[in-house]
Amino acid sequence: MPDPSSQALTVAITGASGALGQALLRRWHGRGAQLIALCHGRVPLQLDGPDGQPIPLRQVHWQVGEEAALEPLLEQVDVLVINHGLNVHGDCSAAATGRSLEVNALSAWRLLELFALVAARREGGRRAEVWVNTSEAEIQPAVSPLYEISKRLLGQLLSLRAPELAPALRLRRLVLGPFRSALNPVGVMGADWVAGEILRQADWNCSLIIVTPNPLTYVLMPLATLGRWAYVGLLRRP
C-alpha cells in the first residue's frame, strides 16, 4: 500500500454513495487522503467524520458506458477503488442480463483498462493502485444468478488481464462476503467493519483481500486465483 505518511494520496471510489463506498471514504479520510467520490446519482453526498465535521471530498457524476470521460480525472488519482455494482436478484430477463453484465463486469473492466493506460504514462512518483471489488459471488452462491455470473466474469477478466496490467498498476482483488447495504439489507457484516478490514489487509501488502464469515472462501478463493493464473500464464501469448 502506498505510504500514507508521505504526500496525501488521492483516492477515487466508484459506487461512493453506497454503504461500502461511504465507509471506505470515511476510512481513507482518517488516513488523510484526498477523496473523489464517483457517483451515478446527482444527490449531494455529505459525510461527517468522527468529530462530526463534514468530510471534504470532490463528488463527480459519471455514467456506465462513459468511462472514457473520466480519463482527465484519473490522471490525478493514486488509488482507484472499483466498487460499483447492481443486483437484480431473481430477475433473469434480457434487460436485466444486459444491465448486470454492463454495470458489474464490462464497466469495471473498461475503467481498469483506462486507469492502466493513464498510469503507464506517468513518469516517476507513486505506483498507481486499483482495487477491484469482485465479491465472494466469484466462487460462492449469492442467491442472485445474474449477480453471480457478472461478478464471476469480472473476476475472470481481472485474472486474464492482470499479467499485462501489472507493470503499470498494483492490482488488489476485494473478495467480500455479505455486508449490510441497499443491495443486501440482510448482510451479516457491517460496512464500516468491512472497510476497516480491507485497509488492514492492504497494510499487510495483500493483493488478494478476503473479508467474509465463510471459512470456505479463504480456502477456495486463493486456489481459484492460482488456478486461473497458471492457466492464463500457460496459454497467454504477448
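**View 1. Strand β4 has buried side chains on both sides.** In this predicted model, strand β4 covers residues 79-82. Val79 and Val81 point one way from the strand. Leu80 and Ile82 point the other way. All four names are buried. In a regular strand, side chains alternate between the two faces of the sheet.

**View 2. Strand β4 pairs with β1.** Strand β1 spans residues 10-14. Three bridges join β1 to β4. The two strands run parallel. Val11 stands opposite Val79 of β4.

**View 3. Strand β4 also pairs with β5.** Strand β5 takes in residues 129-133. Four bridges link β4 and β5, again in the parallel sense. Val79 stands opposite Glu129 in β5. Further along, Ile82 has Val132 as its bridge partner in β5.

**View 4. Val79 sits in strand β4.** Val79 belongs to β4. Is this residue, Val79, buried or exposed? Val79 has a relative accessible area of 0%, so it counts as buried. Its bridge partners include Val11 and Glu129 in β5. Trp131 is 52 residues away from Val79 in sequence. In space, the C-alpha atoms of Val79 and Trp131 are 7.5 Å apart.

**View 5. Strand β5 is largely enclosed.** How many of the five residues of β5 are buried? Five of the five are, so the strand is largely enclosed by the rest of the structure. Glu129, Trp131 and Asn133 point one way from β5. Val130 and Val132 point the other way. Glu129 is thus named twice in these views: it is buried, and it stands opposite Val79. Val132 is buried too, and it is the bridge partner of Ile82.

**View 6. Ile198 of helix α5 contacts Trp131 of strand β5.** Ile198 is found in helix α5, residues 191-203. Its relative accessibility is 0%, so Ile198 counts as buried. Which residues does Ile198 touch, leaving aside those up to four places away in sequence? They are Leu20, Leu24, Trp131, Leu174, Leu176, Ile209 and Val211. One of them, Trp131, is 67 residues from Ile198 in sequence. The C-alpha atoms of Ile198 and Trp131 lie 10.0 Å apart. Trp131 itself is buried and points from β5 the way Glu129 and Asn133 do.

**View 7. The whole protein, for context.** The secondary structure comes to six helices and seven strands. From the N terminus on, the order is β-α-β-β-α-β-α-β-α-β-α-β-α. The C-alpha atoms fill a box of roughly 45 × 45 × 35 Å along the principal axes. The radius of gyration is 17 Å, which agrees with the value near 18 Å for a compact globule of 238 residues. Of the 238 residues, 47% count as buried. Take contacts between residues at least 6 apart in sequence: 65% of them join residues at least 24 apart.

**View 8. Surface and charge.** The accessible surface of the protein comes to about 11,500 Å². Carbon and sulfur atoms account for 59% of that surface. The protein has 22 positive and 20 negative side chains. The centres of the two sets lie 3 Å apart.

How values were computed
Residues numbered from 1 in each chain as written. Predicted model: local features only at pLDDT ≥ 70, side-chain atom pairs only at ≥ 80, totals over all residues. Heavy atoms only, no water. Rg over C-alpha atoms; globule rule 2.2 N^0.38 Å. Buried < 20%, exposed > 50% of the residue type's maximum accessible area, 1.4 Å probe, protein only. Contact = heavy atoms within 4.5 Å. Areas by Shrake-Rupley, 256 points an atom, 1.4 Å probe, with all protein chains shown as cover. Lys, Arg positive; Asp, Glu negative; His and termini not counted. Charge placed at Lys NZ, Arg CZ, Asp CG, Glu CD. Pairing = 2+ DSSP bridges.
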